[in-house]
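Me: I would like to go through this model and ask, for each label, what it rests on.

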Amino acid sequence: PHKQIFLVFNTLSLFSLFSTKTKYSVFLLLLSQITMFSLNGTNFPNDSLSGVSRCLIQSRKKVSFPMVVASVSPNGDRNVSVLMENTLKEMKENSPVIEKDSKSTVTGGVGDVYGEDSATEDQTITPWNFSVASGYSLLRNPHYNKGLAFSEKERDSHYLRGLLPPVVFNHELQVKKLMNNLRQYDVPLQRYMAMMDLQERNERLFYKLLMENVEELLPVVYTPTVGEACQKYGSIFRRPQGLFISLKEKGKILEVLKNWPEKKIQVIVVTDGERILGLGDLGCQGMGIPVGKLSLYTALGGIRPSSCLPVTIDVGTNNEKLLKDEFYIGLRQRRARGQEYAELLDEFMSAVKQTYGEKVLIQFEDFANHNAFDLLAKYGTSHLVFNDDIQGTASVVLAGIMAALNLVGGNLAQHKFLFLGAGEAGTGIAELIALEMSKQTGAPLEETRKRTWMVDSKGLIVRSRMESLQHFKRPWAHDHKPVKELVNAVKLIKPTVLIGSSGTGKTFTKEVVQAMATFNKKPVIFALSNPTSQSECTAEEAYTWSEGRAIFASGSPFAPVEYKGKVFVSGQGNNAYIFPGLGLGLIISGAIRVHDDMLLAASEALAAEVSQENLEKGLIYPPFANIRKISAHIAAKVAAKAYELGLATRLPQPENLVTYAESCMYSPSYRSYR
């Protein structure tokens, strides 16, 4: 009791921060409670001092968080005022009621100015946001809510009696119930919306559900369902899940970033919505992509949810249908270009670095070709940036090719590659293949590029077209006569590997696949375009037209195919194999730049995870059921490369990086509340 009185009086030291009205209200309330205590000799009643008695009195640990103060209005009603004073050092004696493990999983070799060292650790509070201690507010906070899993003791301690049904579920039973509910939906978008509702209601349950059922739910929270979700985002939008930064915020982006409730941001996924999957310009509605990607960073890579920030840069849209849609949520104007666009992006990049530090990873997602390459080149030397469409796709496809060589034989330099599509994905894959080939053989990059050919919308890319080609296509222009049709290019070039990244469905026709099968015993075919409707061909088509000889992988998942009594299981060349582990590796090493050698290391690590058993089934990617283990191995290889290149700042280097990576990964298990 004496400690409680001391803590109550201790809050008086903060009076200088309050308005006169608040000072008066708090003083009267405290005085009445102290008088009541002295007269009755009892503890404070449960229905009073809700902020002080439930936050301050139960607090023990030394962290800084906003204070919740109960004030009394003249008519006796209680109101709660939340003071957003996250910088007050006087509040070090306060903490939330949530238990925190004593061990620290991440340490820093340099000054941890921005708090990056705890980016993968569970945090006891939401920085500079109001802390939840009990009652109805606790049930409404997705970070701390456990739903029916609150124990009997927790229901008593945190004023939850009557707010929940009497039954107590464990975490596993909650997962079982939700999976049963999700399987009742026939429409994928309904499952997507149910998952998003769960994420906004109970964060830990969402990630446990996703992690334990990743093969079933990955197509729900990401491709292909996320494509439809983006198309209809304006209609299904309920509550903000990230930051929307538009031209209206130009000159104020630094202040806008401060509006986000989390302070220790380590990974940002940003899009301008101009090239969403194979669906084109969806403008502001592209937010579904950063949200989905960051969910996978947590579920598959173990990055703490509160250190992830989805961002959409809204500079307008050229999609006439959206501009005429009364429910469209973005700017109703055509896209800004040139200097206006460049200035907004430059302000954003500078503000991010100023707010979150040198080691925050910025992942560019679904930018159009003309911006994607320029942004990567411009900021690659000054920021920790990564383009998943260019680099992530390249890394995962290279891993699939390396695994496929175990089935078709030969080394990388002995094969010939033909691409349909010469945009971000196509040229990014081709460049990483050439880099790996150069690494293996010692041949100059200019020579290894000659093993790759590309077909764009105008036909085969050849030297006679050089002057009209965009800069990123020019390295792939070789000496050859012009060829207009893909099937003719296949017959003339005779590739051993055919890769589709065109964003156009049904382009690997029966004639194309059969041509590949005429001069390849086991033709390797990648139909990478997303969503499923934009895939260059289906798994069934690839296996049937090649008479069961194709080694097939796709961007979106396909069901197993039975052909002449044999069941074929196709691989999915999903970027989710790469970017979560890559991000974790960059974080645990404290890397300050992304290097091509890190991408090669990630590809080699993923290819090494494909077992002989997988290969015998025709799989060139490991099952997603093991993705957390795979991500840890990829993270270890990426981190090792960062240390080798001198780009790591977290010193000293751990002895066992795999074990270290696993120890840093976020766990969605419920935690005990005092």
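Me: Which strand order does the open sheet of five strands have, and is the pairing parallel or antiparallel?

Reply: In this predicted model, the open sheet has its five strands in the order 3-5-4-6-7, and the pairing is parallel. From one strand to the next, the twist averages 25°.

Me: What makes strand 3 and strand 7 the edge strands?

Reply: Strand 3 (243-246) and strand 7 (385-387) each pair on one side only, and they are the edge strands of the sheet.

Me: How do you know that strand 6 and strand 7 pair?

Reply: Pairing requires at least two bridges between the strands, and strand 6 (residues 361-364) shares three bridges with strand 7, in the parallel sense. Within strand 7, Asn-387 is the bridge partner of Phe-364.

Me: Which helices lie on these strands, and at what angles?

Reply: Helix 16 (residues 369-379) packs on the sheet and touches strand 6 and strand 7, its direction making about 160° with that of strand 7. Helix 23 (residues 579-589) lies across strand 4 (267-271), strand 6 and strand 7, and runs at about 155° to strand 6.

Me: Why does Cys-308 count as buried?

Reply: The cut-off for buried is under 20% relative accessible area, and Cys-308 has 6% relative accessibility, so Cys-308 counts as buried. By that cut-off, Cys-664 also counts as buried, because its relative accessibility is 1%.

Me: How many disulfides does a search of the whole structure find?

Reply: A disulfide would need a pair of cysteine sulfur atoms within 2.5 Å, and the search of the whole structure finds zero disulfides.

Definitions and conventions: Residues are numbered from 1 along each chain as its sequence is written. This is a predicted model: local features need pLDDT of at least 70, side-chain atom pairs count only at pLDDT 80 or more; totals for chains, interfaces and linings use all residues. Side-chain values use heavy atoms; hydrogens and water are left out. Buried means under 20% relative accessible area, exposed over 50%, partly exposed in between (1.4 Å probe, protein chains only). Helices (H or I, at least four residues) and strands (E, at least two) are DSSP runs, numbered from the N terminus. Axes are lines fitted to C-alpha atoms, for helices over the stretch in contact, and angles run from 0 to 180 degrees between N-to-C directions. Contact means heavy atoms within 4.5 Å.
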